[in-house]
Amino acid sequence: MYFTRLLLLAAAMLTVTAWVRAAGNVADQLMTRMSLLPEVPKDNGPIGQKIAPHLRQILDRLAGVGPGVRTSTLSNSLVRLNDASEVQVYVRVAALTDTTLEALKAQGLRVEIADRPTNTIQGWLPVAAVAKVAAMPSTVEIRPPSYRQMRAGSVMTQGDAIHHCNAVRAAGVVGRGAKVGVISDGVDNRAVAQATLDLPSTITIDPAFPGTGDYGTALLEIIHDLAPLADLAFSGPQTSLEFPRALRFLVQIAGCHIVMDDIGFYDEPYFEDGPVALAVAQAITSGVVYISACGNDAQRHYQANYVDWNPSATGWANDCHAFAPNDPDMSITIPANTEIAVFLQWAEPFGKAASDYDVFLYNDSLTTALAWSNGVQDGDDNPYEAFVYRNNTATAVRGQIIINRASGSPRLLEMFFWLANLNEYITSPDSIFGHPAVNGVLSVGAIHQDDKDHDTIASFSSLGRSTIRFPSAEQRNTPRVVAIDGVSVTGAGAPPNVY
């Protein structure tokens, strides 16, 4: 028996020794791999610091194209150019005075919105003038606008019966005297739905932001099915600066009692209420019932406190976030012929970020940087980085996300991904942010109409709770309600006909 125990002890020691040796080999291999990781240098110049990295990258591409190329073809989901060699921008200034505005116009800025509360101007700027505007002492930042992202009758929506709205109408509640406003992409083909009586003959359209597309048409059809005598209004803002103006039109001019939307802005703050959220909160205070889709980000979201993967080492590649012990990279898949976007924020107040984080996409073997965002945050900046990358091949490709802490303190990190598939470290909870997380908003999650008992939230539907850190820490209960998804509409202008 004693001899048997000695054999077992010896075997156990050999196993532990082999495990330690293997772990050491893995660590050594990881150190070697990370030491070879190619670094993307920051633009630390006083002008370059003011230009958002994803805008600088487009400008660099423009510098390399020949004559005759239509500049609009270089647009992507985060940066828009026209064929007059202009780029749409937000210019944030220290103080939005008349003198500053005139100086920007003198550089060729075609002003669309001058928002004094945020000291931000939206407009179209000649590409050749971007560096000149960045060099102006009054300029704090130049970046692309925050563009909306969609969160998704001869035909009666299935949600009508599932939610028992038919029984409510039978009791005489049909929307009489109410006016409902919708904020979405557009109502281009509303006439098609009106011809089939799936929409009323009169809809109040915001003349400043009529929008483009037909998700708005689908939303209005659903509302008309459920409350056929309610008056309807629509506005289609494309940027975060346009959104508060669209909301004011619906509430103050169109007289809407209820407003709903299905759009999100991914460079609005995740850890505080930004301008869009504050506009919604103000509407609620005035008595408006506000309803907002909470998003479809449950499978394309990551959140965790920053942890150094190798705190004893030095050098840029060693100041990386550990997604797990001995794992400083996150594997994602980019579908064939698809453009993805990646957004990173960390828990510091907007306009006051002093910790400097960067986010990179490398190829699967970590030998080539495919895309990145490495702006400088040094005390008066936003805790925000974003980039786009397009896979132009006919097959899906894998990549690796790396988050680098260039300077500052460890913070709570949060990332959202457009169209990329996460292969690991998916964080479904806490994936509701922005105006759907505002107290008083009826943030709406999704249950598919095919769900047997209509009681299981869809796997893609964003989940709460929502973490707020500024001006004080709180956890907000989101979503407030869930509703039926995947229902039929006429599909006017936007088949297939489910919403």
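Before anything else, a definition: when I speak of helices and strands, I mean DSSP runs, with helices of at least four residues and strands of at least two, numbered from the N terminus. What I am showing this morning is a predicted model, and I would ask you to keep that in mind throughout.

With that definition, the chain has ten helices and 24 strands. It is 499 residues in length, and 52% of these residues count as buried, while the accessible surface comes to about 21,600 Å², with 56% of that belonging to carbon and sulfur atoms.

Let me turn to the second largest pocket, whose volume is about 800 Å³. Its lining is made of 32 residues, and those closest to its centre are D115, T118, G274, P275 and L278. Which element gives the most to this lining? That is α9, with six residues, although β1, β4 and α10 also belong to the group of elements that each supply at least two. By class, the lining of this pocket has twelve nonpolar, ten polar and ten charged residues.

Since α10 has just come up, I would like to stay with that helix, which runs over residues 275-285. Its buried residues are V276, A277, A279, V280 and A283, and because these fall within an arc of 160° when seen down the helix axis, they line one face of α10. The general background is that an α-helix has 3.6 residues a turn, so residues three or four places apart point the same way. On the face of α10 turned away from the buried side we find the exposed residues Q282 and T285, whereas the cover over the buried residues includes α9 and the strand β11. After the helix comes G287, with a positive phi near 110°.

Helix α3, residues 98-106, can be described along similar lines, and its buried residues are T100, L101 and L104. Why do they sit on the same side of α3? They do so because they cover an arc of only 100° around the axis. The opposite face, turned away from the buried side, carries the exposed residues D98, T99 and A106. As for what the buried residues of α3 pack against, the partners are the strands β1, β2 and β3, together with the helix α4. Just after α3, G108 takes a positive phi of about 100°.

I will finish with the enclosed spaces, and here it helps to recall that rolling a probe the size of a water molecule over the atoms shows where empty space is left. The largest cavity holds about 210 Å³ of space, and it is lined by 19 residues, of which A52, P53, E141, Q377 and Y384 are the closest to its centre. Two or more residues of that lining come from each of α2, β4 and β17, and the lining divides into seven nonpolar, six polar and six charged residues.

The second largest cavity has about 110 Å³ of space, with a lining of 13 residues, the closest to its centre being L78, P145, S146, D267 and Y384. You will notice that Y384 is named for this cavity and also among the residues closest to the centre of the largest cavity. By class, the lining of the second largest cavity has eight nonpolar, three polar and two charged residues.

Methods: Residues numbered from 1 in each chain as written. Predicted model: local features only at pLDDT ≥ 70, side-chain atom pairs only at ≥ 80, totals over all residues. Heavy atoms only, no water. 1 Å grid on protein atoms, 1.4 Å probe; cavity = no way out; pocket = protein on both sides within 12 Å on 5 of 7 lines; lining within 4 Å. Points joined across faces, edges and corners; volume = space filled by probe spheres on them. Nonpolar A, V, L, I, M, F, W, Y, C, P; charged D, E, K, R; others polar. Buried < 20%, exposed > 50% of the residue type's maximum accessible area, 1.4 Å probe, protein only. Arc of directions from axis to C-beta. Contact = heavy atoms within 4.5 Å. Areas by Shrake-Rupley, 256 points an atom, 1.4 Å probe, with all protein chains shown as cover.
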